[in-house]
Amino acid sequence: MSDVTATGPILAIETSCDETAAAVVDGRRVVSSIVASQAELHAPYGGVVPEVAARHHLGTVNAVVDQALERAGLRLGEVSAIAVTQRPGLIGALLIGVATAKALAYAAGLPLIMTDHLHGHIAATWLDPVALDPPYVSLIASGGHTRLDLVTDLRSPRTLGQTIDDAAGEAIDKGARVLGLGYPGGPALERLAAGGSRTAHRFPVGLRGAGTRDFSFAGVKTSLLYAVRDLGEPLAEDVRADLAASYQEAVVRPLADRLIAAALDEGVPAVSLGGGVAANGRLRELVAEGAARAGLRLAVPDRSLCTDNAAMIGAAAQFTDVIPWPDFLGMDAVATAPSGGIAA
Amino acid sequence: MLEACHGLLTAAGVRISEIDEIVVGVGPGGFTGLRIGLATALGLGQALSVPVTGASSLEALALGIARERPEGSLVVPVQDARRRELFAAVYRTGAAGLEELVAPVAIAADDLAARLVAIGGPAWVGGEGVTAAGGAFAREGLTTLAADAPGNRLEAADLVRRVRDGAALPARPVYARLPDAEVNRLSALPATEAPA
Ligand SMILES: [Zn+2]
């Protein structure tokens with residue numbers, strides 16, 4: 001590891017989407033982690049509204065930072081650095097975290113660490129108690145991202161594959177909407193699917209073929225729309241359950257299969273899961289089965305570390321270069337991911 | 001934003017830790033710029049444990065426009081709000097300072113000009129919204145400030161003056177406009193459910 005990474009407690013801030021989060025992380029230890037979710041605020045719109053998210057982050061982030069420090073029993077001056085999500089995400093939302101972190105670091109005379117959100121999801125399994133060390137293949141699946149990374153060095157994960165259209169979580173939310181389940185639809189779709197047959201409908205798997213590491217979910221969603229149209233409304237409850245179970249299977253099975261296949265190809269001993277879709281019980285089941293069959297260790301952090309949080313940003317920050325005071329004053333948030341996949 | 005603060009402090013020979021209070025413009029203005037200003041001020045205030053006070057950006061701009069105008073003049077600060085609207089407010093100058101006649105609002109330039117004519121009296125319109133308004137203010141009794149005129153630009157010191165004059169506001173943004181998604185959602189509601 002480089003000697004420019006931080007040691008000692010780090011205050012981390014995350015505002016890239018619809019969670020306002022702050023945490024104190026010291027090495028692998030999560031000292032405190034606060035997440036203020038805006039999910040309910042966006043529910044009436046059927047999805048995250050960037051302007052609403054940005055407005056809410058601004059009213060919330062300072063109190064969330066205060067709580068994270070208070071729970072850690074630290075004053076701002078006692079942390080060694082401030083870390084913040086710089087990219088990728090909703091630009092207006094990211095800007096609140098970045099402006100806040102820069103101001104805190106400037107006034108407190110602290111260095112700043114500009115962190116990549118995906119790097120954070122990948123580094124979440126490095127934290128206690130999972131404490132996974134490389135090498136491994138990571139699957140991150142959420143409403144915003146779906147990707148496989150080979151992690152041989154936590155400073156520089158290498159992207160193996162990603163979605164070419166919708167993210168897995170987005171596909172699940174859209175499917176839930178087609179089945180009349182509201183937003184966000186993940187948990188409701190999973191509950192409905194529990195009573196249905198996974199083989200009642202054959203929805204197409206996007207990008208088939210041996211060795212495929214990318215994902216596509218647009219076709220599955222379209223097939224569900226056609227199926228619902230052909231069956232005709234209103235759908236009986238057991239028909240809806242079958243649709244939900246078959247649809248969920250079509251989304252999560254490629255995730256599990258490609259994760260396990262990539263790990264075997266790369267010859268690593270472990271796989272890890274992250275992102276909000278990692279909470280899906282069927283995905284966990286399929287990955288656990290595949291990992292056991294292949295003799296791989298499966299690392300899944302607690303649900304609170306899978307969904308967006310700041311502790312994972314504090315973890316990634318320990319594998320990201322520190323920007324000394326006051327060289328960070330001109331740095332900005334960035335909406336997009338870098339071409340290499342991760343800005344580490 | 002923060003680079004400018006740092007440059008200012010360095011030039012003034014003041015360390016950030018010596019600051020006792022922060023005043024920030026709360027708008028209305030461009031949403032993103034407004035939020036960066038507020039997030040920066042609130043972050044500095046939090047780290048320094050000093051109070052952060054808001055001041056109306058349009059009032060501060062009005063102070064500049066009002067300088068050297070006779071008492072009883074209308075002063076009209078305008079900022080470009082995009083979509084053919086201005087963020088604007090109307091004040092009357094007097095011995096006691098600014099009297100607010102029209103609170104900060106997002107308004108079409110022509111509608112604002114019509115209101116000014118209806119209120120009556122000589123009015124001075126200033127701010128970067130003048131350019132965006134095209135010829136909307138070319139009416140009898142309305143004078144627009146030249147782009148390079150003193151008073152046409154918001155001076156941060158005028159924000160502090162507003163606070164000293166007792167016009168402090170909470171350090172929260174004044175958007176003067178709902179998010180588009182909220183406008184669309186409200187307009188899709190049945191009339192009985194929509195708020196008045
Ligand atoms: Zn995420």
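## Working through a predicted two-chain model

The charged end of A:Arg55 sits over the ring of B:Phe31, at 4.8 Å from the ring's centre. Keep in mind that this is a predicted model. The exercises below start from that contact and then move into chain A.

### Exercise 1: the rings under A:Arg55

**Task.** Find the other ring that A:Arg55 lies over, and work out how the two rings are arranged.

**Solution.**
- Step 1. Start with the arginine. A:Arg55 also lies over the face of B:Tyr175, 3.7 Å from the ring centre. A charge counts as sitting over a ring when, among other things, it is within 6 Å of the ring centre, and the values of 4.8 Å for B:Phe31 and 3.7 Å for B:Tyr175 fit that.
- Step 2. Check burial. Both B:Phe31 and B:Tyr175 are buried.
- Step 3. Now the rings themselves. To describe a pair of aromatic rings, you give the distance of the centres and the angle of the planes. There are five aromatic pairs over all chains. One of them, A:Phe203 with A:Tyr247, is edge-to-face, with 6.1 Å from centre to centre and 80° between the planes. B:Phe31 and B:Tyr175 are edge-to-face as well, at 5.2 Å centre to centre with planes 85° apart.
- Step 4. Place the chain B pair. B:Phe31 is in helix 2 (residues 31-48) of chain B, while B:Tyr175 is in the loop between helix 6 (156-164) and helix 7 (180-188) of chain B, so this pair links parts of the chain 144 residues apart.

### Exercise 2: the zinc site

**Task.** Which residues coordinate the zinc ion, and which parts of chain A does the site tie together?

**Solution.**
- Step 1. List the donors. They are A:His117 (NE2), A:His121 (NE2) and A:Asp308 (OD), at 2.1 to 2.2 Å.
- Step 2. Read their spacing along the chain: H-x3-H-x186-D.
- Step 3. Put two of them on the fold. A:His121 belongs to helix 4 (residues 117-123) of chain A, and A:Asp308 to the loop between helix 10 (303-306) and helix 11 (311-317) of chain A, so this pair ties together parts 187 residues apart in sequence.
- Step 4. Look at exposure. A:His121 and A:Asp308 are buried.

### Exercise 3: building the sheet around strand 1

**Task.** Take strand 1 (residues 10-14) of chain A and work outwards to the sheet and the helices on it.

**Solution.**
- Step 1. Judge how covered the strand is. Five of the five residues in strand 1 of chain A are buried. On one side these are A:Ile10, A:Ala12 and A:Glu14, and on the other A:Leu11 and A:Ile13, so both faces are covered.
- Step 2. Find the partners. Strands of a sheet pair through backbone hydrogen bonds, parallel or antiparallel. With strand 4 (residues 81-87) of chain A, strand 1 runs parallel and shares four bridges; A:Ala81 is the bridge partner of A:Ile10 there. With strand 2 (residues 19-26) of chain A, the pairing is antiparallel over five bridges, and A:Leu11 stands opposite A:Val24.
- Step 3. Note the connection. Strand 1 and strand 2 of chain A make a hairpin with four residues between them.
- Step 4. Write out the sheet. This is an open sheet of five strands in chain A, in the order 3-2-1-4-5 and with mixed pairing. Its edges are strand 3 (29-37) and strand 5 (112-116) of chain A, each pairing on one side only. On average, neighbouring strands are turned by 20° against each other, direction ignored.
- Step 5. Add the helices. Helix 2 (residues 50-72) of chain A packs on the sheet and touches strand 1, strand 2 and strand 3; its direction makes about 25° with that of strand 2. Helix 3 (residues 91-108) of chain A also packs on the sheet, touching strand 1, strand 4 and strand 5, and its direction makes about 155° with that of strand 4.

### Exercise 4: a residue from helix 11

**Task.** Is A:Ala317 buried or exposed, and what does A:Ala317 touch?

**Solution.**
- Step 1. Locate the residue: A:Ala317 lies in helix 11 of chain A.
- Step 2. Use its relative accessible area. The value is 0%, and buried means under 20%, so A:Ala317 is buried.
- Step 3. Go through the contacts. Not counting residues up to four places away in sequence, A:Ala317 touches A:Ile10, A:Ala83, A:Ile113 and A:Thr115.

How values were computed: Residues are numbered from 1 along each chain as its sequence is written. Chains are lettered from A and ligands numbered from 1 in the order in which they are written. This is a predicted model: local features need pLDDT of at least 70, side-chain atom pairs count only at pLDDT 80 or more; totals for chains, interfaces and linings use all residues. Side-chain values use heavy atoms; hydrogens and water are left out. Donors are N, O and S atoms within 2.8 Å of the metal (3.2 Å for Na, K and Ca); water is not among the atoms, so sites may look incomplete. Helices (H or I, at least four residues) and strands (E, at least two) are DSSP runs, numbered from the N terminus. Buried means under 20% relative accessible area, exposed over 50%, partly exposed in between (1.4 Å probe, protein chains only). Two strands pair if DSSP finds at least two bridges between them. Rings of Phe, Tyr and Trp (its six-membered ring) pair if their centres lie within 6.5 Å; planes under 30 degrees apart count as stacked, over 60 as edge-to-face and the rest as tilted. A charge sits over a ring if NZ of Lys or CZ of Arg is within 6 Å of the ring centre and within 35 degrees of the ring normal. Axes are lines fitted to C-alpha atoms, for helices over the stretch in contact, and angles run from 0 to 180 degrees between N-to-C directions. Contact means heavy atoms within 4.5 Å.
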